[in-house]
Amino acid sequence: MAKDFLHGMRKDYGKDSLTKASVHPDPMVQFEEWFKAAMKTDGDEANVLTLSTLGEDQIPEGRIVLLKFYAEDGFTFYTNYTSNKAKQLEKHPYASMTFHWKSQERQVRVKGAITRVPAEISDEYFKERPMGSRIGAWASPQSQEIPNREFLDERVEEVQKKFENQNEIPRPDYWGGYLLTPVRIEFWQGRPSRLHDRIVYDLVDGQWETKRLAP
Ligand SMILES: Cc1cc2nc3c(=O)[nH]c(=O)nc-3n(C[C@H](O)[C@H](O)[C@H](O)COP(=O)(O)O)c2cc1C
């Protein structure tokens with residue numbers, strides 16, 4: 001049944017093009033250019049990305065997280081350090097990130113090594129989060145089995161009580177950021193007839209080298 005409509009679902013692309021000459025020699029500058037363009041069209045969802053990690057069973061696993069910072073040294077997201085993804089990352093500290101900016105007909109893929117961001121950086125970001133999210137970070141044993149929704153609601157109430165006489169809700173030590181330091185970044189621009197443009201940057205002896213890949 002799905003075949004009837006899935007086979008017919010396709011979109012032709014043609015908004016822009018990409019060449020080795022047109023991209024910036026520094027992939028982070030190129031990323032910033034694309035990210036700013038995506039912010040204009042995708043607004044608060046431009047920072048949505050798929051984070052892929054390697055499971056203990058050697059099966060890759062992906063999930064959506066939000067990009068919260070980027071700079072020359074890489075890309076940062078925040079999560080629970082006891083979550084499934086965090087356990088995977090502590091065991092195998094490498095990951096990839098995939099951005100899809102539909103309205104730009106663009107994809108960016110990044111891969112590299114993962115490290116925890118310094119505690120004081122996580123503290124700073126945690127303070128900026130809305131109250132509900134700060135409480136949620138304390139309340140949710142992310143990725144663990146829980147009996148029902150009420151369990152979560154009760155945990156939230158307990159956390160609210162615990163901190164009701166305090167002005168600040170501190171960051172739980174099991175919640176914080178991870179930095180992905182890239183060794184490869186690929187920029188993909190949709191083109192007509194599936195003949196897309198792909199320019200990839202590889203870090204070779206500390207220098208970024210670009211090449212064009214077949215779509
Ligand atoms: C739009 C969106 C944004 C999300 N942002 C985050 C995030 O920044 N950090 C996070 O830990 N989980 C985020 N999640 C939830 C994750 O996709 C995932 O369910 C959760 O982190 C547990 O994953 P794990 O069991 O593989 O550790 C987001 C989900 C969606 C759909």
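Helices here are DSSP runs of H or I with at least four residues, strands are DSSP runs of E with at least two, and both are numbered from the N terminus. This is a predicted model, in which local features need pLDDT of at least 70 and side-chain atom pairs count only at pLDDT 80 or more, while totals for chains, interfaces and linings use all residues. Residues are numbered from 1 along each chain as its sequence is written, and side-chain values use heavy atoms, with hydrogens and water left out.

Begin with the whole chain, which has 6 helices and 8 strands, and whose C-alpha trace spans about 60 × 50 × 40 Å along its principal axes. If you follow the sequence, the elements come in the pattern α-α-β-β-β-α-β-β-α-α-α-β-β-β.

Next, select residues 197-213 to show β7 (197-204) and β8 (207-213), with Asp 205 in the loop between these strands. The phi of Asp 205 is near 50°, a positive value in a residue other than glycine. Most residues other than glycine have a negative phi.

Now select the ligand together with its shell, where a residue belongs if one of its heavy atoms lies within 4 Å of the ligand. The residues around the ligand include Arg 63, Leu 66, Tyr 78, Asn 84 and Ser 143. Within this shell, β2 (60-71), β3 (74-80) and α3 (84-91) each supply at least two residues, and β2 gives the most, with 4 residues.

Zoom in on the polar contacts, each of which is a pair of N or O atoms within 3.5 Å. An oxygen atom of the ligand is 2.8 Å from an N or O atom in the side chain of Arg 63. At Leu 66, a polar backbone atom is 3.1 Å from an oxygen atom of the ligand, and at Asn 84 a backbone N or O atom lies 3.3 Å from an oxygen atom of the ligand. Taken alone, the ligand exposes 610 Å², of which the protein buries 62%, with accessible areas taken from the Shrake-Rupley method with a 1.4 Å probe.

From the ligand, move to Ser 143, which lies in the loop between α5 and α6 and has a phi near 80°, a positive value in a residue other than glycine.

Finally, select helix α5 (residues 131-139) and helix α6 (residues 149-162), which pack at an angle of about 110° with their axes 9 Å apart. This angle makes α5 roughly perpendicular to α6, a term that covers 65 to 115 degrees. The axes are lines fitted to C-alpha atoms over the stretch in contact, and angles run from 0 to 180 degrees between N-to-C directions.

Methods: A polar contact is a pair of N or O atoms within 3.5 Å; within protein, one must be able to donate a hydrogen and the other to accept it, and residues adjacent in sequence count only if both atoms are side-chain atoms. Angles under 35 degrees count as roughly parallel, over 145 as roughly antiparallel, 65 to 115 as roughly perpendicular and the rest as oblique.
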